[in-house]
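Colleague: Before I read anything into this model, could you take me through what was computed from it?

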Amino acid sequence: MIHSVIIFNTSGIPRLIKFYTPINQSAQAIVTKIYSLISIRSSGSCNFLEAPELDELLGPKYDIEKLRVVYRSYATLHFVFVVDSSESELGILDLIQVFVEALDRAFENVCELDLVFHFDEVHHILAEIIQGGLVLETNLDEIDSAVHQTASARKQSFAAANPLALGVGGVGPRSAGLQTPLGWLTGKLTGVGTR
Amino acid sequence: MWERTLQDLIRGLRANKKDEAKFIAQAVDEIRQEIKNKDMELKAGAVLKLTYLEMLGYDMSWASFHVVEVMSSPKYHLKTVGYLAATQSFGPDTDVLMLTTNLLKKDLSSSPNDIAISLNGLSHTVSPDLARDLSHDIVTMLNHSKPHIRKRAVIAVYKMLVKYPEATPIALTRLKEKLDDQDPGVVAATINVLCELVRREPREYLSLAPQLFRLMTTSSNNWMLIKLIKLFGFLSPHEPRLVKKLQPPITELISTTSAISLLYECLCVTKLAAFLQDPDQNLKYIAFLALVKIAPTHRNLVAQYQDMILSSVGDHDLSIRMRALDLLSAMVTRDNLQSIVQQLLSYLVRPDSSPFPTAAQSLSLNITSPLSDGTGLVLASTHVSSYRLILIQRLLTICSYDTYDNVVDFQWYLSVLLDLTYIASVKVGDQIRDQLVDIVARVRGVKRWAVELMTRLLRDDTFLTNSREEGSCAEVLWAAAWICGENSSDAQSREIAEPQKLLPHLLQPSVSLLTSETIVAYLQAAVKLFGAWSMELSQNWESRKIQDVREVVDTLIFRLKDFTSHSEIEVQERAANALQLFTFVRADLASFHPEDLATRLPADGSSQAPAYPKSLLLISPLFSTYELNSVNIAAQDSISAPESLDLDTWIVPPPKHFSMDTVAVTDGNEKGERHLTKRKIKNKGKGKGKERSTNVVTVKLRDSQTDPMTSEEPETERIEREKVANCSYLKQQRLARMELRRHDPYYIPDRPYSAPFTNEVDTIPVVRLDDLPPLSQVAETQFPSLLRNSGTLIPSEPFVVDRNGEMPEGAIPPASLAPPPAASTTRITLTTPQALSSFPAYVVDEGVPRTVTPEPIKVKHAKKKGAKSKRTVAD
């Protein structure tokens, strides 16, 4: 299964941390360590992280079997998956690609700032791909429609609760209504952007 | 009122980069206010902000109750916030989890959206209790009309089964039905779940094979195919027929993945080799992974690619280097070990400085130079210290695998170890040390060579001066000193070691740079070496040699004096011991006048008085009475406790002022007393084994030895007491006792025994138990050590490794070898700190029937000789 999904940028600042199994040390310590190991790797290296320090880091936690760290870098972001032996290494690489494409569809040309300001939305998208450490869906269209479906459900629920919010908001992504300049402006003015 | 939204918080964080901690503290204060607000919107906003801060490392466990409140909101957009916060912050021991049972039950019977998020949330936070209470509801969801829900339910069922296996019978049949679901997503999710389940318990799921097989031949979903092949990989070891059946479809699919079935592997090796050369690093990595799996069963197939694999040890990518190392250790055999190790060594040698190159090394350097020339960066990257450490450790384990099964030439291996000592520059000294000692104890044929190498190391003053540097492997010096000292009585080793030349190196002032354990080994080795040397002198005595001996003894005494004031008590004691011995020798030498003898001898007309100073024979018998040997792991267990051994009576009643501690002490009593009993008898044996003159010396020694001790103890005790002045009386007493124990040479601390041979317990070299020369015989002969050195060594013979070690004669092997015997022999406590002063009380008790317990006596005695220095390392 997949034990954790981590996104951090090239300076090591976490953008998403998700652990599917309990950990007994601070998640931040793990992120820092993985970051320090990944950041020194050259671009020609393979996408599987192996280092003596890593076994120590993950060792006491999962002593039953060795975990592998698979990562992929996009522009300023590193996507890191920690998986065990029941996942195929190359398969996980493809899964990262699927995740990023799903993000891209939801945010339209996704960039780091989208992840910063919509970290909850990123979590919702991830939840359509992986549930409890197991792969839920790999078909992009399926993922995308599910994401849209839940986003609009949140939007409706928000609109019902805040009739004055001019249809803006929900805890949704930009696609929920912020694309048009007018919509953006109303969002600003009402100050209820995404609450 | 304008509350900060999550967006505002993030913007604020970005604007206040300099003062982030303060900003966040302020934000958390606001959140604490907002989260208590009745307004659900506000509360949810606060929870969401908190979830964000949690990612940055701030605690949010205090808010878990509020999270549950938000989860229970009927509004979907708030509910999602609650569930998100729950999945991020709830752990198995979050106490509010039990409050969520009804909430989850309700959500599971609500709208599809609610069901979806509750199934998702449940997959994260499920506890055994939740799984039990909700199992029915979750299983029901498997038949939901929406495929999206069914998908989620399939995974939630798996999570539930992990926590609550009792539900397996009901859930499994329903789960199997899902393999025939109309929606491909549901089927894929089911396969994912089955893959996890099968991995845990393959036999249970063999009946699924036909269904899975049909899926494999019909499906075109790559994801599912990968998982299916993994699945069959888990299943096929338990059902041989599967392999045959799988062959045709897998041959078709062969490019998709690296599965495990044997047949497939055979087919695949050439393909994998192509991967190895592929410029794509990912493929290379995968190829290594697969080859590691193949190597144990098909060594020959992998061996063809040895060169390719070896060159990958120097790859610029750490991940690939680690994999290559794994593969190398899997493919080592007797034949290729040497070449592999030499290659690995050549990667370790820094290009700029190779201070100690062997011929083979420089050769291998030449071989690999075309590679290293073009890729200077590659070599630099092998010097990252953590990788070096792994590489060297791997090298050591490769060679010592299965008690050195793959090592054919131990001379070569010892040289490798020595080379490693010089080039390691990481902290592996202790492992090299352990292997050196282990090999010398196990492989007789290599002793001479070992002494030669170790002498070289001991004479290397630069190595000694650099010993304080990090990664200098100074621990190896301990092994060097021990090996040289222990084998000094061996005639051929002695020629190589040339004790009189080595002695100055062992006692030079810069030795004090080393750790106290090593200094102790040095001192002990010096005494042994002198003993062996003087013994040899006495056999070919010429009176002109007296001057040499006097000089050597004088320097020894001069040097030893420095060590008697060393800060470590163990060093002090050994130095004082040795000093007294040598003082005696010097006195004897001073009173020896060769001219007198020369004139007197003819008058006597007999050889009553030897022509050499008697004291030359003083030291050697102290060390060389028994030969060192490795002992079987079960040896100690096979010795039954003698019936006459009474562990309940005091040998020395405890002094009254310790009565408060009796409870604490009793634990140690048993062992301590057993130890005392043994020593009692042992002293007897020792006394007999020596000549009368040595008895005089031991008495003398004992007096002088206790003098510095007794004058020292009150001093340290007082300091110790001042430190704990305000502690209770009891504590003070305990400290005082511990302090005394620390100074007590016969007290072995009760700390966990960090054996130097952690890798293989049965490699602990202990003394030979049987075929001791009868004590009377030892007394008769003047040169007991010559008796056992009669055999000559022929190094060209194949080396014999003593794998099992010895068992005491007539021992019945115990039923289980599981409990390591080391603990029982080494964890010995002494009942009272008065042991030293009450030493005379331990005189031989004639009442104890000696014959009852022959083996334990010998063990203890031997321990004293050989293992004494070892013990200090373990401490």
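**Surface and interface**

Colleague: Is B:Met98 buried or exposed?
Modeller: This is a predicted model, in which local features need pLDDT of at least 70 and side-chain atom pairs pLDDT 80 or more, while totals for chains, interfaces and linings use all residues. Side-chain values use heavy atoms, without hydrogens or water, residues are numbered from 1 along each chain, and chains are lettered from A and ligands numbered from 1 as written. Because its relative accessibility is 62%, and buried means under 20%, exposed over 50% and partly exposed in between (1.4 Å probe, protein chains only), B:Met98 counts as exposed.

Colleague: Where does B:Met98 lie in chain B?
Modeller: Helices here are DSSP runs (H or I) of at least four residues, and strands (E) of at least two. By that numbering, B:Met98 lies in the loop between helix 5 (76-89) and helix 6 (100-108).

Colleague: How many salt bridges does the rule find across the interface of chain A and chain B?
Modeller: A salt bridge needs a side-chain nitrogen of Lys or Arg within 4 Å of a carboxyl oxygen of Asp or Glu. A:Glu142 forms one with B:Lys151, where the closest N and O atoms are 3.9 Å apart. Across the interface of the two chains, the number found is five.

Colleague: Which residue of chain B does A:Thr138 touch?
Modeller: A:Thr138 counts as buried, because its relative accessibility is 14%. Contact means heavy atoms within 4.5 Å. Leaving out residues up to four places away in sequence, A:Thr138 touches A:Leu95, A:Val98, A:Ile143 and B:Trp223.
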